[in-house]
Amino acid sequence: MERREQARADRRAGDARRDAETVHTFTHYDLELDCTEPLAENVQKVIRACENREGQPFGGAS
């Protein structure tokens, strides 16, 4: 993100780091995936999360 920020030169230096440190800190997520992990691991996380929802609709409050 910082390399992209620097290459684009349309943001203040440091905005990418500040955004990354704060943008997702305001709430809890039911499921977090890491795109650096193998696809099969993320698929299993999604399946387990679906199985653990106990009848709750997707997008509903948990």
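Here is a friendly conversation about a predicted model of a protein.

Visitor: Good to be here! How many helices and strands does the protein have?
Guide: Welcome! Read along the sequence, the pattern is α-α-α. That agrees with the total for the secondary structure, which comes to 3 helices and 0 strands.

Visitor: In which helix is confidence highest, and in which is it lowest?
Guide: Across the protein the mean pLDDT is 85, with 87% of residues at 70 or more. Among the helices, α2 has the lowest confidence, at a mean of 88. The highest is found in α3, at 93.

Visitor: What share of the residues counts as buried?
Guide: The protein has an accessible surface of about 5,700 Å², and 53% of that belongs to carbon and sulfur atoms. Buried here means under 20% relative accessible area. Of the 62 residues, the share that counts as buried is 8%.

Visitor: Let's turn to charges. How many salt bridges does a search of the whole structure find?
Guide: Side chains of opposite charge can pair when their charged atoms come close. One such pair here is Asp10 and Arg11, whose side chains meet at 2.9 Å, N to O. For the whole structure, the search finds 7 salt bridges.

Visitor: Are Asp10 and Arg11 buried or exposed, or something in between?
Guide: The band between buried and exposed runs from 20% to 50% relative accessible area. Asp10 has a relative accessible area of 43%, and Arg11 has 45%. Both values fall inside that band, so Asp10 and Arg11 are partly exposed.

Visitor: Which residue forms a salt bridge with Glu37, and how far apart are the closest N and O atoms?
Guide: Glu37 is partly exposed, with a relative accessible area of 25%. Its partner is also partly exposed, at 25%. The salt bridge is formed with Lys45, and the closest N and O atoms are 2.8 Å apart.

Visitor: Which residues are joined into one network by salt bridges that share partners?
Guide: Beyond the pair of Lys45 and Glu37, there are salt bridges with partners in common. These join three residues into one network: Arg8, Asp10 and Arg11.

Visitor: How many residues apart in sequence are the parts tied together by Asp30 and Arg53?
Guide: Asp30 and Arg53 form a salt bridge, with their closest N and O atoms 3.6 Å apart. Asp30 lies in the loop between α2 (15-22) and α3 (39-51), whereas Arg53 is in the segment after α3. The pair therefore ties together parts separated in sequence by 23 residues.

Visitor: Which partner in that bridge is buried, Asp30 or Arg53?
Guide: Asp30 has a relative accessible area of 46%, which makes it partly exposed. The other partner has 12% relative accessibility. That is under the 20% cut-off, so the buried partner is Arg53.

Visitor: Glu5 caught my eye. Which side chain of opposite charge is nearest to Glu5?
Guide: Glu5 is found in helix α1 (residues 2-8). A polar atom of its side chain lies 3.2 Å from the backbone nitrogen of Gly14. Glu5 is buried yet has no salt bridge. At 6.2 Å away, the nearest side chain of opposite charge is that of Arg18.

Visitor: One more, please! Which residues form a nonpolar patch on the surface?
Guide: One member is Tyr29, in the loop between α2 and α3. Tyr29 is partly exposed, with a relative accessible area of 31%. The patch has about 300 Å² of accessible area together, and its residues are Val23, Phe26 and Tyr29.

Note on methods. Residues are numbered from 1 along each chain as its sequence is written. This is a predicted model: local features need pLDDT of at least 70, side-chain atom pairs count only at pLDDT 80 or more; totals for chains, interfaces and linings use all residues. Side-chain values use heavy atoms; hydrogens and water are left out. A salt bridge is a side-chain nitrogen of Lys or Arg within 4 Å of a carboxyl oxygen of Asp or Glu. Buried means under 20% relative accessible area, exposed over 50%, partly exposed in between (1.4 Å probe, protein chains only). Helices (H or I, at least four residues) and strands (E, at least two) are DSSP runs, numbered from the N terminus. pLDDT is the predictor's confidence in each residue, from 0 to 100. Patches are made of residues with over 30% relative accessible area and no salt bridge: like charges are joined within 9 Å, nonpolar side chains (Val, Leu, Ile, Met, Phe, Trp, Tyr) within 5 Å. Accessible areas come from the Shrake-Rupley method with a 1.4 Å probe; for residues, only the protein chains shown count as cover. Lys and Arg count as positive and Asp and Glu as negative; His and the chain ends are not counted. A polar contact is a pair of N or O atoms within 3.5 Å; within protein, one must be able to donate a hydrogen and the other to accept it, and residues adjacent in sequence count only if both atoms are side-chain atoms.
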